[in-house]
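I sat down today with a two-chain model and a fresh page. My plan was to look at the interface, then the cores, then the salt bridges.

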Amino acid sequence: MASQPSKPPPSSQASSARNSQQGLRYPSTGKTIYHRPLNRSRTQELSQAGFAYLFSEMVGYAQRRVTGIQDLEKRLNVQGHPIGLKLLDLLLYREPARTQLRPLNIIALLQFITTVLWRHLFSRPADALEKSSNPDTPDEYMISDNEPLVNQYISVPKEMNQLNCAAFVAGIVEGACDGAGFPARVTAHSVGKGEEGELWPGKTVFLVKFQPEVVEREAYLGKT
Amino acid sequence: MSYYFAIIGTQDNPLFEYEFGTAKQGGDGVARFPEQARHMNQFIVHSSLDIVEEVQWGSGQMYLKCIDRFYNNYVSCFMTGGNVKFLLLHAPSQPAASTTARASTSIAANPTSPQTEEAIKQFFTETYENWVKTIMSPFYQVNQEVRSPVFRSRVAAAGKKYL
């Protein structure tokens with residue numbers, strides 16, 4: 001200590017060391033994310049052209065060094081996953097106090113996704129929500145969207161016709177399901193047959209496959 | 001009345017801790033846990049997680065009220081949509097409970113009274129708002145520890161305001 005007389009007293013030294021470690025920098029206005037309101041009005045929409053441009057970059061980014069279409073879809077899914085996790089809490093927060101309920105069963109969760117989440121993202125509800133009619137797969141549900149907004153300006157080359165870039169939206173849905181405690185795998189599938197004069201050529205089905213423990217819990221909760 | 005507030009992530013991992021005392025009725029906002037009991041708070045809160053997992057499927061409400069008690073320590077829980085738990089341990093200071101009749105209506109003396117429930121609910125609701133702001137940060141990933149001093153001061157302000 002004696003050799004370094006200019007050293008500040010230990011307490012302030014410790015706090016300044018901590019500050020520099022955290023590396024926190026505040027904006028010059030002093031406003032952080034905590035100073036911003038969470039209730040943006042519904043009219044504040046983004047330009048679709050801007051989104052399409054960003055999304056094309058996201059697809060291009062995901063396409064770098066991929067091994068195949070499945071890998072590309074997986075990467076798009078991963079990009080969407082945290083968005084779903086965050087939107088779940090944000091949209092629940094925005095619900096009116098009386099209906100501010102955590103979804104407790106699969107139907108409530110999927111209804112929340114197809115109405116509240118879909119309306120927030122695409123300003124309209126999803127077109128259909130169905131349960132798999134196959135008795136062997138009671139854990140599968142399908143959300144259909146006749147015209148996914150993310151695919152509007154995307155034309156898939158012929159040799160990649162398995163690809164559906166709505167895998168990004170599937171990732172958002174998966175994130176919301178995982179966050180609510182219903183772990184699931186969500187995949188996007190094009191169901192348009194590519195025929196002439198088809199009503200919805202870009203129709204996409206999101207296949208939601210819940211983990212076995214979710215179905216087990218659902219059966220147990222239903223009994224009591 | 002002393003409080004210990006913890007935010008628990010989805011893997012039962014702690015994300016945030018804060019200890020404070022009541023600021024009502026001339027309280028100075030400093031937690032007064034007995035020195036030999038203070039280190040138990042984390043254990044008590046952790047042990048109540050089992051009960052949270054039972055209660056969380058019973059009702060879709062986020063505020064699950066007082067769910068557990070260990071001697072003089074009461075644990076209230078709030079569950080966010082993303083399965084993150086807010087747990088508040090509140091320990092009424094013994095003398096306040098026994099001295100005067102006037103004190104018996106206060107939050108401090110009745111850990112399970114409707115007034116206390118309501119105050120804790122307001123505290124949780126305000127904290128939830130700040131929590132949603134935290135997770136809306138694009139750099140925040142699920143189950144990451146919250147180190148923001150602004151968040152800490154907001155929680156402190158909510159505690160001062162309602163408890």
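**Entry 1: the interface**

I began where the chains meet: chain A and chain B bury about 2600 Å² between them, with 63% of it on carbon and sulfur atoms. A reminder to myself: this is a predicted model.

Next I asked which three residues of chain A supply more of the area it buries against chain B than any other three. They are Y34(A), K86(A) and R102(A), and together they supply 34% of that area.

I then looked up who takes part in the contact, and found 27 residues from chain A and 33 residues from chain B.

How many salt bridges are there between chain A and chain B? I found zero. Polar contacts are another matter: 17 residue pairs make them across the interface of chain A and chain B, with both residues at pLDDT 80 or more.

I also checked the helices on the side of chain A that touches chain B. Both α3 (69–94) and α6 (212–223) of chain A supply at least two residues there. The largest share comes from α3(A), which gives seven residues. Sorting that side of chain A by class, I got 16 nonpolar, six polar and five charged residues.

**Entry 2: the cores**

On to the inside. In soluble globular proteins, nonpolar side chains tend to be buried together. Here the largest nonpolar core has 79 residues. I wanted to know which residues have the most contacts inside that core. They are I113(A), F210(A), F5(B), F123(B) and W131(B).

I picked F123(B) for a closer look. Leaving out residues up to four places away in sequence, F123(B) touches F5(B), F20(B), L88(B), V155(B), A158(B), G159(B), Y162(B) and L163(B). Apart from the largest core lies another, of 16 residues, and Y4(B), F33(B), C77(B) and M79(B) are among them.

**Entry 3: the salt bridges**

Over all chains I count 13 salt bridges. I went through several of them.

D139(A) pairs with K209(A), and their closest N and O atoms are 3.1 Å apart. This pair links distant parts of the chain, 70 residues apart: D139(A) is in the loop between β1 (128–131) and β2 (140–145) of chain A, and K209(A) is in strand β4 (residues 204–210) of chain A. Is D139(A) buried or exposed? D139(A) counts as buried because its relative accessibility is 12%, under the 20% cut-off. K209(A), at 35%, counts as partly exposed.

In chain B, I found R38(B) and E19(B) meeting through their side chains in a salt bridge of 3.0 Å, N to O. R38(B) is in the loop between β2 (14–21) and α1 (41–47) of chain B, E19(B) is in strand β2 of chain B, and the two are 19 residues apart. Both partners count as partly exposed: R38(B) has 39% relative accessibility, and E19(B) has 28%.

My next stop was E126(B) and K161(B), a salt bridge whose closest N and O atoms are 3.3 Å apart. This one joins two helices of chain B, with E126(B) in α4 (residues 114–136) and K161(B) in α5 (residues 149–162), 35 residues apart. K161(B) is partly exposed, with a relative accessible area of 47%.

Last note of the day: R124(A), D127(A) and D145(A) are linked in a network of salt bridges.

Note on methods
Residues are numbered from 1 along each chain as its sequence is written. Chains are lettered from A and ligands numbered from 1 in the order in which they are written. Side-chain values use heavy atoms; hydrogens and water are left out. Contact means heavy atoms within 4.5 Å. Buried area is the accessible area (1.4 Å probe) that two parts lose on being put together, summed over both. A salt bridge is a side-chain nitrogen of Lys or Arg within 4 Å of a carboxyl oxygen of Asp or Glu. A polar contact is a pair of N or O atoms within 3.5 Å; within protein, one must be able to donate a hydrogen and the other to accept it, and residues adjacent in sequence count only if both atoms are side-chain atoms. Helices (H or I, at least four residues) and strands (E, at least two) are DSSP runs, numbered from the N terminus. Ala, Val, Leu, Ile, Met, Phe, Trp, Tyr, Cys and Pro count as nonpolar, Asp, Glu, Lys and Arg as charged, and the others, Gly among them, as polar. A nonpolar core is a set of buried Ala, Val, Leu, Ile, Met, Phe, Trp, Tyr and Cys residues joined through side-chain atoms within 4.5 Å. Buried means under 20% relative accessible area, exposed over 50%, partly exposed in between (1.4 Å probe, protein chains only).
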